[in-house]
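Student: I have not worked with this structure before. Could you walk me through it?
Tutor: Certainly; please look at the sequence and the structure first.
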Amino acid sequence: MDKLFVIRQPITEELALLNRTLTETLHTNSPLMNEVIQTYLASKGKQIRPILVLLCAKLFGPVSREAIDAAASLELLHNASLIHDDVVDESQKRRGLPTINQLYDNRIAVLTGDYFVSCALACSVRTNRMEIVSTLGVLGRELARGEIDQLSNARNHRLDESAYFDVIRRKTASLFYACMRVGALSAGADVAAVDRLSRFGEKLGLCFQIKDDIFDYYEDKVIGKPTGNDLREGKITLPLIYAVTRGTGAENEQMRALLLGEEHLSAESVHLLIEYAKREGGIEYAYETMKQIRNEAVELLDEFPPSETVDALIAILDYAIERDK
């Protein structure tokens, strides 16, 4: 049985209400906008982020209307960032389907993303909790800063593990942090509980991004070889950072020269770097790093009584590490 299906079971009704809320919030009097929105909603993904909000709220009792609106606000802002990312990256597909910028054009995609941001703010305001509105504002800033820092690191060829973690903490983990935070805030949790759950979310987000980065080193069933997309864009992720910064000898010098000397890596260079990262233990190091972060995250839940909801949060953490796509 699909692990996410099991995880969703404690909040099946709440998820149904969330999706109705998303549809109602996004509806407009514009035929074109509605067409674009319906196209996008047809592939809304796994909804892991709003699931986290709802599970977090459920730790403290029945899920409130405020929690539903908070979950909707996070899902809308997340999707806005994906729509804008597709424009920046000139992506033609997401979740196996054509992107908005591919189906229409960049203008419509950017404006649709902006519309999603506005709807996210409207949902956060409906919670009547300024802390939730503030969390959404901080999140938007962190997401943008993470993307800018990643571009800066790529341009400056930074081979630095701390810089890598700074980027993924902002561009990915900040969203998971915010999900757990607003879920707890919507339930009226005390300051200590909000802090522990927020930090759990951040650690979950770090694991999620590290695993995403690992995928780039393995065969894509469509193209039949490692994608290498990150490297082609100048993004140097944890497995290769480990290999290059810990390795020695002539081959290590060669790999450094490729990274520092080629503005746009060739297909051959991408292949050499991927294979080097694998041989030098970069993948194993990434998994060990996730294991350590996972254990730290689970410890943060020790203060909460055992429950189906706590089990579901740990299951999502394990899913983030074990998933195959």
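Tutor: Let us begin with one residue: leucine 185 has a relative accessibility of 6%, so it counts as buried, the cut-off being under 20%. Please keep in mind that the model is predicted.
Student: Which helix is leucine 185 found in?
Tutor: Leucine 185 belongs to helix H9, which covers residues 161-186.
Student: And what does leucine 185 touch, beyond residues up to four places away in sequence?
Tutor: Leucine 185 touches Arg129, Glu131, Ile132, Thr135 and Val194.
Student: How far is leucine 185 from arginine 323?
Tutor: Their C-alpha atoms are separated by 29 Å, and the two residues are 138 apart along the chain.
Student: You listed Glu131. Where is glutamate 131 found?
Tutor: Glutamate 131 is in helix H8, which runs over residues 130-155. With a relative accessible area of 47%, glutamate 131 is partly exposed. Its C-alpha lies 8.0 Å from that of valine 182, although 51 residues separate the two in sequence.
Student: Let us change topic. How many helices and strands does the protein chain have?
Tutor: The protein chain has 16 helices and four strands. Its radius of gyration is 20 Å, close to the 20 Å that the globule rule gives for 325 residues, so the chain is as compact as a globular protein of that length. Along its principal axes, the C-alpha trace spans about 60 × 50 × 35 Å.
Student: What share of the residues is buried?
Tutor: Buried residues account for 51% of the 325 residues. As for contacts with a separation of 6 or more, 75% of them are between residues 24 or more positions apart.
Student: What about the largest nonpolar core?
Tutor: The largest nonpolar core has 104 residues, and Leu52, Phe200, Ile210, Leu240 and Leu259 have the most contacts inside it.
Student: Which residues is leucine 259 in contact with?
Tutor: Leaving aside neighbours within four places in sequence, leucine 259 is in contact with His157, Leu159, Leu231, Ile236, Leu240, Val244, Leu265 and Leu273. Leu240 is thus a contact of leucine 259, and Leu240 is also listed among the residues with the most contacts in the core.
Student: And Leu52, where does that one sit?
Tutor: Leu52 is one of the buried residues of helix H4. Helix H4 comprises residues 48-58 and is mostly covered, with ten of its eleven residues buried.
Student: What do the buried residues of H4 pack against?
Tutor: They pack against helices H1, H2, H5, H9, H10 and H16. H9 is the helix in which we found leucine 185.
Student: New topic: which way does the sign of phi usually go?
Tutor: Most residues other than glycine have a negative phi. Here, glutamate 90 has a positive phi, near 55°, and asparagine 128 has a positive phi near 60°.
Student: Where is glutamate 90 placed?
Tutor: Glutamate 90 is in the loop between helix H5 and strand E1. At 67% relative accessibility, glutamate 90 counts as exposed.
Student: And where is asparagine 128?
Tutor: Asparagine 128 is in the loop between helix H7 and H8. Asparagine 128 is exposed, with a relative accessible area of 70%.
Student: Finally, how many positive and negative side chains are there?
Tutor: There are 38 positive and 49 negative side chains, and the centres of the two sets lie 2 Å apart. The chain exposes about 15,600 Å², of which carbon and sulfur atoms supply 51%.

Note on methods:
Residues are numbered from 1 along each chain as its sequence is written. This is a predicted model: local features need pLDDT of at least 70, side-chain atom pairs count only at pLDDT 80 or more; totals for chains, interfaces and linings use all residues. Side-chain values use heavy atoms; hydrogens and water are left out. Helices (H or I, at least four residues) and strands (E, at least two) are DSSP runs, numbered from the N terminus. The radius of gyration is taken over C-alpha atoms; the globule rule is 2.2 Å times the number of residues to the power 0.38. Buried means under 20% relative accessible area, exposed over 50%, partly exposed in between (1.4 Å probe, protein chains only). Contact means heavy atoms within 4.5 Å. Accessible areas come from the Shrake-Rupley method with a 1.4 Å probe; for residues, only the protein chains shown count as cover. Lys and Arg count as positive and Asp and Glu as negative; His and the chain ends are not counted. The place of a charge is taken as NZ of Lys, CZ of Arg, CG of Asp or CD of Glu. A nonpolar core is a set of buried Ala, Val, Leu, Ile, Met, Phe, Trp, Tyr and Cys residues joined through side-chain atoms within 4.5 Å.
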